[in-house]
Amino acid sequence: MEPWYEEETDESALELPAEPMRLNMGPSHPAMHGTIRMVLDLDGEVIIDVDIQPGFLHRGFEKSCERATWNQVFPYVDRLNYVSPMLNNVGFALAVEKLAGIQVPERCTWYRMILGELARIADHLTCNGAMAMELGAFTPFLWMIKARDYIWDVLEQETGARLTHSFGRIGGMAKPPTEHFKEHTLAVLPQVEEAIAESEALLLRNRIFLDRMQGVGVLKPDRALALGVTGPVLRSTGIDYDVRKTYPYMFYDQVDFDVPVGHDGDNYDRFVVRLEEIRQSIRIIRQCIERMPDKGPINVDDPRFVFPEKEAVYNTIEATIAHFKLVMEGIKVPKGEVYSYTEGGNGELGFYIVSDGSGTPYRIHVRPPCFLNLQACREMLIGYTVADIIPTFGSINMIGGECDR
Amino acid sequence: MSKQVIARLKEKFGTSVLETSDFRGDDEAVVLKTVWLEVAKFLRDDPFCAMDHYIDITAVDYPMREGPRFDVLLFVRSSTRRHRVRIRTRVHEEESLPSLVSVWPGACWSEREVFDMFGIRFDNHPDLRRILLYPEFVGHPLRKDYPIEKTQPLVPYREVPGVDKLPPFGPEMGQPWSRVDWNERLLGRDIHVSTGIGLSSGQRASVSIGPEHCVKEGEGNTQKLHE
């Protein structure tokens, strides 16, 4: 009987289709984190061009802010980078305080730094854990998420919410630290360190993991700068730009920490830079806890910006009026415009705010770090294979809420 | 440091630099639209400025103002010299601005966003499409005259030229939503599954089960099967 298949011929004689294939990936693709569409042009398995299309999570953040009062923006900024909302809260509060010329009390600044660094650890743990999971390493993911939960326990105790805290206020924070804040935080840090050490031991000597990370998704430093890349992605290329070090804000010039940098700019470097940044954040938190005073005001003593005590609101007419005015009309931020930038979880998180002197922002523009990092993702993908998209895209730490606003 | 950059800009471009300010420590220069691209190139290439790190481009709408309606702002910094400036220019509603993608490729998405949100066009931009919104969106939402409660028309099925897009289930193929063609059945013609579906395109074969099939227990009929 004749075989139903053709006789195998010499491979060089086979005619393969020469035309590139166009492949659509996302937005409903598990590796695209739900909100990004990539249109790939493939030559075999190799990516020759990619069109990255964000915007599927666009909610009109900037437009919504233009009809809120200044304090009502805090819940919106929570939902920008929803993995580290405290950093956004603090970043926005610092921007408005810069415009209004407010200097918050010392205790508040230390408190903000501790909460912000906790949020940064949670952010990096999520990114690294998810990156490992997408490459098939599920155990480190669970360990890192477990460590993140310990951090969220601290944040929940302080703010009452695990994810969207809405805890920042202009001129301070919503509440002073709880009684056992310091002990609780200090108890959590060793658990985080342990989780990182264990995950690292599983991953960084794993041949499969290394093969898919090292030398994949390489970004050159000069291109990274010209493309506006910031944060761990930029530092992995060897450029030591960290807003906390380069343009210190709050008390980052008074604490001792290092800025880890990579040298290849590949996925592996981005992963290791984030791991090391978690350790540096833990270092910062330990110093902050040592130096944060136990007593003292948390809010600035200025009735134009800070809500009066609830007890006074219920019992005195002056405080009732002040509270009413602040809620109904909003804080009157002086006319002007500033650009304030902090180091967010993914890089330089900038707020460009314009005030016309009324209780409502005239314009709020957020410079989302992962929007520009995602733009550079195209250069990290071209020339690699389809399978390399998953670790490379994961190492960008694209957060839809922040990227699409 | 950044003040010296502003001073150098003034020295180089003279009257094209309209005003400078340093409100709250943000060094800013307002330049004419005509020198927008030259200023950007100067900032990048001048060895003293060396603004190699692109940060952002955004815009603000001032519809009540006399003169140009929009402010377009450029934020850049230098990675080696640490200074950081903000450059501003003003454009009328119908005017366009030269694109800075040739100077900093990172400007591509920012300019697309400004076009998307404000409708400001950029000349020589390689790929000026909407970025956060979809192509059929009507209007530019960050303009002050765009009402926040405005709704958008429904977008019809998008035809893409040159792309063979097959709807997953056409009328003649695939799995029908209904297992029974009720129009046929009511006319007394067909009590079976509407066999026409899929048969014409050769995708489905009809298989007869019963009446003498074991699961039909000898006397069942096809109608029972389909109930």
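Helix H3 of chain A gives the most to the lining of the largest cavity, with 3 residues. A cavity here is a set of points, on a 1 Å grid over the protein atoms alone, where a 1.4 Å probe fits but cannot get out, and lining residues have an atom within 4 Å of a point. Helices (H or I, at least four residues) and strands (E, at least two) are DSSP runs, numbered from the N terminus. The structure is a predicted model, in which local features need pLDDT of at least 70 and side-chain atom pairs count only at pLDDT 80 or more, while totals for chains, interfaces and linings use all residues. Residues are numbered from 1 along each chain as its sequence is written, chains are lettered from A and ligands numbered from 1 in the order in which they are written, and side-chain values use heavy atoms, with hydrogens and water left out.

## Cavities

The structure holds 2 cavities of 30 Å³ or more. A volume is the space filled by probe spheres set on the grid points, which are joined across faces, edges and corners. For the largest cavity the volume is about 50 Å³. Its lining draws at least two residues from each of helix H3 (85–100), helix H4 (106–134) and strand S6 (336–343) of chain A. Among the lining residues are A:Leu87, A:Val90, A:Arg112, A:Tyr252 and A:Glu343. By type, the lining of the largest cavity divides into 5 nonpolar, 3 polar and 2 charged residues. In this scheme Ala, Val, Leu, Ile, Met, Phe, Trp, Tyr, Cys and Pro count as nonpolar, Asp, Glu, Lys and Arg as charged, and the others, Gly among them, as polar.

The second largest cavity encloses about 40 Å³ of space. Residues of both chains line it, including A:Glu62, A:Arg363, A:His365, B:Glu113 and B:Phe118. Strand S8 of chain A and helix H3 (107–118) of chain B are the elements that give two or more residues to this lining. Helix H3 of chain B gives the most, with 4 residues. The lining of the second largest cavity comprises 4 nonpolar, 2 polar and 3 charged residues.

## Aromatic rings

A pair of aromatic rings is described by the distance of the centres and the angle of the planes. Rings of Phe, Tyr and Trp (its six-membered ring) pair if their centres lie within 6.5 Å; planes under 30 degrees apart count as stacked, over 60 as edge-to-face and the rest as tilted. The count comes to 22 aromatic pairs over all chains. In one of them, the rings of A:Phe138 and A:Phe141 have centres 5.5 Å apart and planes at 50 degrees, so this pair is tilted. Both residues lie in helix H5 (residues 138–159) of chain A, 3 residues apart, about one turn of the helix.

Accessibility is classed by relative accessible area (buried under 20%, exposed over 50%, partly exposed in between; 1.4 Å probe, protein chains only). A:Phe138 is partly exposed at 44%, whereas A:Phe141 is buried at 18%.

The rings of A:Tyr362 and B:Tyr62 have centres 5.3 Å apart and planes at 10 degrees, so this pair is stacked. The pair crosses between chains, from strand S8 (residues 361–367) of chain A to the loop between strand S3 (53–61) and strand S4 (70–77) of chain B. Both A:Tyr362 and B:Tyr62 are buried. In addition, B:Lys144 lies over the face of A:Tyr362, at 4.0 Å from the ring centre. A charge sits over a ring if NZ of Lys or CZ of Arg is within 6 Å of the ring centre and within 35 degrees of the ring normal. A:Arg244 lies likewise over the face of A:Tyr252, at 5.9 Å from the ring centre.

## Salt bridges

A salt bridge is a side-chain nitrogen of Lys or Arg within 4 Å of a carboxyl oxygen of Asp or Glu. The count comes to 49 salt bridges over all chains. Three of them are tabulated here.

| Nitrogen partner | Oxygen partner | N to O distance |
|---|---|---|
| A:Arg244 | A:Glu117 | 3.2 Å |
| A:Arg207 | A:Asp211 | 3.1 Å |
| A:Arg235 | A:Asp242 | 3.6 Å |

A:Arg244, in helix H10 (residues 243–246) of chain A, and A:Glu117, in helix H4 of chain A, are 127 residues apart, and their salt bridge links distant parts of the chain. A:Arg244 counts as buried at 3% relative accessibility, as does A:Glu117 at 0%.

A:Arg207 and A:Asp211 both belong to helix H7 (residues 207–213) of chain A, 4 residues apart, about one turn of the helix. A:Arg207 counts as exposed at 53% relative accessibility, and A:Asp211 as partly exposed at 47%. Both A:Arg235 and A:Asp242 are buried.

Conventions
On a 1 Å grid over the protein atoms alone, a cavity is a set of points where a 1.4 Å probe fits but cannot get out, and a pocket is an open set with protein on both sides within 12 Å along at least five of seven lines; lining residues have an atom within 4 Å of a point.
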